[in-house]
Amino acid sequence: LRGLNNLLFYRYRDLAPQLVPLDYTDKPDVTLPYELIGSMPELKDNPFRQRIAEVFSEDGDGNMTLDDFLDMFSVLSEMAPRDLKAYYAFKIYDFNNDDYICKSDLEKTVNKLTRNELTPEEVRLVCEKVIYEADLDNDGKLSLEDFQHMIIRAPDFLSTFHIRI
Amino acid sequence: ENCPRQNRSSNSFDEESLSEEELAMLMEQVEQRKKLISTMRNKPWRMVKKLSVLREAQAFVEKFEGALGKGKGKKLYAYKMMMAKKWVKFKRDFDNFKTQCIPWEMKIKEVESHFGSSVASYFIFLRWMYGVNLVLFGLIFGLVIIPEILMGMPYGSMPRKTVPRAEQATAMDFSVLWDFEGYIKYSALFYGYYNNQRTIGWLKYRLPMAYFMVGISVFGYSLMVVIRSMARNANQSTADGDDDNFIFSWKMFTSWDYLIGNPETADNKFASITTGFKESIVDEQESNKDENIHLRRFLRVLANVLIICCLCGSGYLIYFVVKRSQTFSKMQNVGWYERNEVEIVMSLLGMFCPPLFETIAALENYHPRIGLKWQLGRIFALFLGNLYTFLLALMDDVNEKLAEEDVVKNITRWMLLGHHNSSMGNSSADTPPPLDPADVPRGPCWETTVGIEFVRLTVSDILVTYVTILVGDFIRACFVRFVNYCWCWDLEAGFPSYAEFDISGNVLGLVFNQGMIWMGSFYAPGLVGINVLRLLTSMYFQCWAVMSSNVPHERVFKASKSNNFYMGLLLLILFLSLLPVAYTIMSLPPSFDCGPFSGKKRMYEVIQETIELDFPLFIAKIFSYMANPGLIIPAILLMVNSLRKIPIKLKINQHPSTCLKLLTHVNLNKNDQLL
């Protein structure tokens, strides 16, 4: 874990060497703006990079301190346990931060995934199917339990929700 | 903050005044803190919070752990705790070091970001195989080959180690060496070189025993490593993969591959996700359509019949060709084609039958995932059938050679007699000068022949694979790229376009190659070395080929949810390659004049001999009692039973814990918010 943290610190510093000091013993209060984070090669092609940065940043705006940065990559690494990943995946896909993945969140997700190439009718159908499949308590939106119950069984979840750095 | 604070504990840090009750409560708190430290990773808190809680808990444990030992035992307890902590730290540092030593990590990451996790999983599998083969090579090289070379009799001192007089003229020719005859045949690479001396050198190294035990431990180690890998994969895979209940949800939340770091790949992924959604929508709307069941069933039966015909045809072809090669080997002037006919035919069958199966399977109209499973099963049957037919034909050859041995023994006797008489006539010495080893007539060493066949098969398989990649991927890519400028239709979009990386074909190739290595390594100790070289070059060559000539897949259908499908195949192949080797060890007599077991009636007699001569008497008695079938059969049944239970246990472990975790997780979240 320490080796990974070292590597991550140097990656963080490489984003803005003039802002990030080499010496972190007196806990400097350094925050890198979202634009720098979102331009990392590992994240720049990811349609959800803004949400990822927002979820892990302290202020919720995508501006990340070193601790947020370490948090993010350790959750997205190979070694993070499945339940932890599911918890954060839920937060990423919850665009309006209301602790539920509602229809509008689903629509936003589909549109990001297909770059708006599906017709509105198709988008509506997909969102309805997802709610039908995963909503266990029948409130028309996905709570954390619904989401986790569905994602735990997914064969590809661990291998796709993974960033190697 | 999760447990009530004990005010007294901070004041009364004084051994005598701690009562039993206080000690017990203190111990409980220390245990709680320790558990918190070990589960810290799973908590969904921020890193800052985790670090501060961790430090506090660690300080608490350190301060009070020493105090828990009672009276005089306190120092020993504190010492034990300190050693335990040092050991944990050492293990962690060692694990970190091991992670840094893993080779090719950057290369695989590059492939992963361009092609996704499926293609990268092939390279990870290749790397794992390389590691296993490296260990096997170390075993064989260190315990069998090196002792024989260093401490055994040198080349030329014995008949089995010398090229016969008749062959010496051509023994260094490249064409002879390429067929693994000549000097290579009489080297430590093959079974026939090894001497049957019970102990060699000043170390009294028991070489025949070592040879036998290494042969068995090759299988034992491989078995252990494969099962361990399957168990580890089983922890990650989910219970039912063919779950149709969450198609759309999974498509939405797990289709984006977060590893993608390349705009071209991302474009491909977006396109494939869009196509995937559209197809699922269409499937959903069409699922009520009525199909003609009878026509479908008839077509499927027809397809299976055709494929069985193909399989039988290919088996017969191989048998025929092997028989022909035996008659060729007796003829004098054989061309290059006749010498290599068997390997060429087997490689060609392996190249052309799978696409043939795919074409026939178009009749069946299965869902692509199910169709892929059928295809893999058929390829598996093809390779297995071919290999076993090859082995059967080889067995005929072996039996012939065994019959020949008696004839050779007679010839040798007459020849020695003749030599004795002639040399007695010339000199008056009592003992005749010994016959030059190159002139002694040799028995047909069937084990070396079998070893040579396997080595040649492996080498031709390697060559065919590399040539296929070069032509099928690289030259095709060059053609499409450069000829596209002056061609009537768009080569890149239509036929033939760039090749996609055939994951299942490559993985199967690797698995079968390993099966051949396992079968042949008992008779050709050098075969594992050749395989190590092959895997090493494959890694670099295929990485280059993938990055330069392949395009990412448009649609990915995995054959299985985890790697366990291929691990299961590997396990099956391991058992199937163990069978012929076990059969030959148990029931065929070793050659009388070559190899470490020459002179014995059966190869496994070396164990009895070692026990009788090297161990004290009572151990021999114990072994003779243990060798009773009445004991062995129940032991084997017990082992099989416990092996069967492992995957069941792992599955049971998954379900209740995930349910519990969900509940505790929700509770913890609520507690966090309250705090």
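Let me start with the transmembrane regions of chain B, which come from an unreviewed UniProt entry, where they are placed at residues 128–150, 209–227, 301–322, 342–363, 375–395, 522–544, 565–586 and 622–643. Please keep in mind, as we go through these, that what we have in front of us is a predicted model.

For two of those stretches I can say what the chain looks like in the model. Over residues 128–150 of chain B, the chain is 100% helix and 0% strand, and the C-alpha atoms at the two ends of that stretch are 31 Å apart. Residues 301–322 of chain B are likewise 100% helix and 0% strand, with 32 Å between the end C-alpha atoms.

Now let me turn to chain A. What does chain A follow as its pattern when read along the sequence? The pattern is α-α-α-α-α-α-α-α-α, and the count for the chain is 9 helices and 0 strands. Along its principal axes, the C-alpha trace of chain A spans about 50 × 30 × 25 Å.

As for how chain A is packed, 52% of its 165 residues are buried, and if we take the contacts with a separation of 6 or more, 53% of them are made by residues 24 or more positions apart.

Finally, the surface and the charges. Chain A has an accessible surface of about 7200 Å², and carbon and sulfur atoms account for 49% of that surface. Among the side chains of chain A, 19 are positive and 32 are negative, while the centres of these two sets lie 5 Å apart.

Conventions: Residues numbered from 1 in each chain as written. Chains lettered and ligands numbered in written order. Predicted model: local features only at pLDDT ≥ 70, side-chain atom pairs only at ≥ 80, totals over all residues. Heavy atoms only, no water. Helix = DSSP H or I, 4+ residues; strand = E, 2+ residues; numbered from the N terminus. Buried < 20%, exposed > 50% of the residue type's maximum accessible area, 1.4 Å probe, protein only. Contact = heavy atoms within 4.5 Å. Areas by Shrake-Rupley, 256 points an atom, 1.4 Å probe, with all protein chains shown as cover. Lys, Arg positive; Asp, Glu negative; His and termini not counted. Charge placed at Lys NZ, Arg CZ, Asp CG, Glu CD. UniProt positions renumbered as here; feature names shortened; annotations may be inferred.
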